[in-house]
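Here's a quick tour for anyone new to reading protein models. Keep the structure open beside you as you go through the points.

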Amino acid sequence: MSDRGAVPDLTCDEVRELAGAFVLGALDPREEAAVRAHLASHPDGHDEIAELGGVLPVLAAGVPVVEPPDGLKARIMAAAAEDLATRSTSPAATAAPAQTPTSFPDSEAREARRSRTSTGSWLLRIAAVVAIVALGALNLLLQVQLNAAQSYEEGVAAVIDVAVQPGSLTAILTADGGSGSGLAAVSATGKVTLAMQALTPTTGDQVYEAWVIAGDSAPVPLGNFTVGRAGTAFFEGSGLPTTGSIVLALTLEPGPGATIPTMPIISKGVAKPAAG
Amino acid sequence: MDQPIQLRTASPSDDADRAVLVRLAEGELDALEELYDLYKTMAYSIAYRITNDATLAEDVVQEAFLGAWRNAARYVEGRGSVKTWLLAIVHHRAIDAVRRRRPTTELPDVEVPPPATLTLPDVWAEVSAVLDADTVQAALATLSEVQREAIELAYFSGLTQQEIAERTATPLGTVKSRMRLGLLAMRRHLEAGST
């Protein structure tokens, strides 16, 4: 922070005088820092801060109701998916998610972001991010990791091809009882396309079985696949319901032909329309 | 000093909100979707009221929900309901936005700590229990014109007390008093109504 002078010491009376402005956010940064410093050293001595702050929800409740525009939800979900994809691709990010507060972006940054996020479905955004993240890391990955990135990228692209078709459902599969995450799309004709990464390689006769759970119905097997050292997989199946709540799940089975899932579920996600 | 407001017991919706926040902290996108569906109207209404700009309000709401998504683990149970927490984030982001729109306003080099309401005890819960349109209007009606002006310029326009003093040609000390006494009057009214 630039040098704007030392934070002044305030007396309790001075803090009480500033309490209204403080809870309303009407102090300049230096004054606010001074109040915070005082409160930190007098944690039990200023109930008036909480008392006055308690009125703010009434001010908020008095504003005219305005519904947000369609499409805002998709923008938010796309940005969150971007964040999630970055976390899952970066071990460092996974271990220590970015916690540094950021200021509200300036108009140029917001316009740049808007141009990136205001068109297309958020799934397309996910695909772009996954691809960018994967491509950006190419020079650093070992060959097996390079193959995994390329394989997953190709799988995601195939999922997106299905996802953008009218009437398609999409699902983000996240690790549940094990490792593995990915994307899936269910076409209007009941065809599922699935791209997964970070799965534990299968050994021996082991297979990953894909399941569909429609509403309260029992899980129905869709088919199985094996996973190599890259940890990625691409799977296509058919015969899925296309209406109602659909959950897609993966289990690791000792061999092909499972009719009942072997717990735990490795990864799962709810299929739903992409736009919202 | 007056007795603090008696906090009511957390409602089932409070518990449900906290459960959503736990899932949010674990990176579940579905949880973010649920949170948005619950509070999108509240968030956008406040953002629009403060920015008076549909595009900027959208950006504020997006930044606020992404802030909640990235910092859900920072939410401290017992320091306020999820609704209070989210309301404070939206307000803070909106004020940040309008201040950046005003080139003459002094801005911090980095984002200031969360607003005071983020670190206050849960007060929304007990206030919201009696919040209907009549209650809100009655509470606002307790304000004198000058008190209302000072509070609205601060809370909805993002002006500092110094800026309010200059705009209204009022001594700074008077502005401080109007804000404090106005909020106090509203609080007294709500307390009387809840007993």
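Two strands count as paired if DSSP finds at least two bridges between them. Strands (E, at least two residues) and helices (H or I, at least four) are DSSP runs, numbered from the N terminus. What you're looking at is a predicted model, where local features need pLDDT of at least 70, side-chain atom pairs count only at pLDDT 80 or more, and totals for chains, interfaces and linings use all residues. Residues are numbered from 1 along each chain as its sequence is written, while chains are lettered from A and ligands numbered from 1 in the order in which they are written.

**How confident is the model?**

- The scores for the model are ipTM 0.77 and pTM 0.57.
- In chain A the average pLDDT (the predictor's confidence in each residue, from 0 to 100) is 76, and 72% of the residues score at least 70.
- Among the elements of chain A, helix H1 (residues 12-23) has the highest mean pLDDT, 91, and helix H6 (residues 91-95) the lowest, 44.
- Residues 92-102 of chain A stay under 50 in pLDDT, and the model gives them 11 contacts beyond four places in sequence; a contact means that the C-beta atoms of two residues, placed from the backbone, lie within 7 Å.
- Chain B averages 79, with 74% of its residues scoring at least 70.
- Helix H8 (residues 161-168) of chain B has the highest mean pLDDT among that chain's elements, at 95, and helix H5 (residues 124-128) of chain B has the lowest, at 47.
- Residues 105-126 of chain B have pLDDT below 50, and this stretch has 66 contacts in the model beyond near neighbours in sequence.
- Where pLDDT is low, don't read the predicted coordinates in detail.

**Chain A and its strands**

- Chain A comes to 9 helices and 8 strands.
- Of the 276 residues in chain A, 40% are buried, and here is how that label works: 20 or more other C-beta atoms within 10 Å of a residue's own makes it buried, 12 or fewer makes it exposed, and anything in between is partly exposed, with C-beta atoms placed from the backbone.
- Which strands does E4(A) pair with? E4(A) pairs with E7(A) in the antiparallel sense over 8 bridges, and with strand E5 (residues 220-225) of chain A, also antiparallel, over 5 bridges.
- Val207(A) sits opposite Glu253(A) in E7(A), while Ala210(A) has Gly223(A) in E5(A) as its bridge partner.
- E4(A) and E5(A) make a hairpin with 5 residues between them, and Gly215(A) in the turn has a positive phi of about 60 degrees.
- E4(A) is mostly covered, with 6 of its 8 residues buried.

**Around Gln206(A)**

- You'll find Gln206(A) in the loop between strand E3 (192-197) and strand E4 (207-214) of chain A.
- Is Gln206(A) buried, exposed or partly exposed? Gln206(A) is partly exposed because 16 other C-beta atoms lie within 10 Å.
- Leaving out residues up to four places away in sequence, Gln206(A) touches Leu252(A), Glu253(A) and Pro254(A).

**Backbone oddities**

- Most residues other than glycine have a negative phi, and most peptide bonds are trans.
- A cis peptide bond, with omega about 5 degrees, joins Met263(A) and Pro264(A); Pro264(A) is in the loop between strand E7 (246-253) and strand E8 (265-273) of chain A.
- Ala198(A) isn't a glycine, yet its phi is positive at about 60 degrees; Ala198(A) is in the loop between E3 and E4 of chain A.
- Ala169(B) isn't a glycine either, and has a positive phi of about 55 degrees.
- Why does Ala169(B) count as exposed? Ala169(B) counts as exposed because it has 6 C-beta neighbours inside 10 Å.

**The core and a bent helix**

- The largest nonpolar core (buried Ala, Val, Leu, Ile, Met, Phe, Trp, Tyr and Cys residues joined through C-beta atoms within 7 Å) has 115 residues, and those with the most contacts inside it are Ala184(A), Ala47(B), Val90(B) and Ala154(B).
- Helix H2 (residues 29-51) of chain B gives this core its largest share, 12 residues.
- H2(B) bends by about 60 degrees at Tyr39(B); the bend is the angle between axes fitted to the seven residues ending there and the seven starting there.
- Ala154(B) touches residues of both chains, including Ala21(A), Leu24(A), Leu159(B) and Met179(B).
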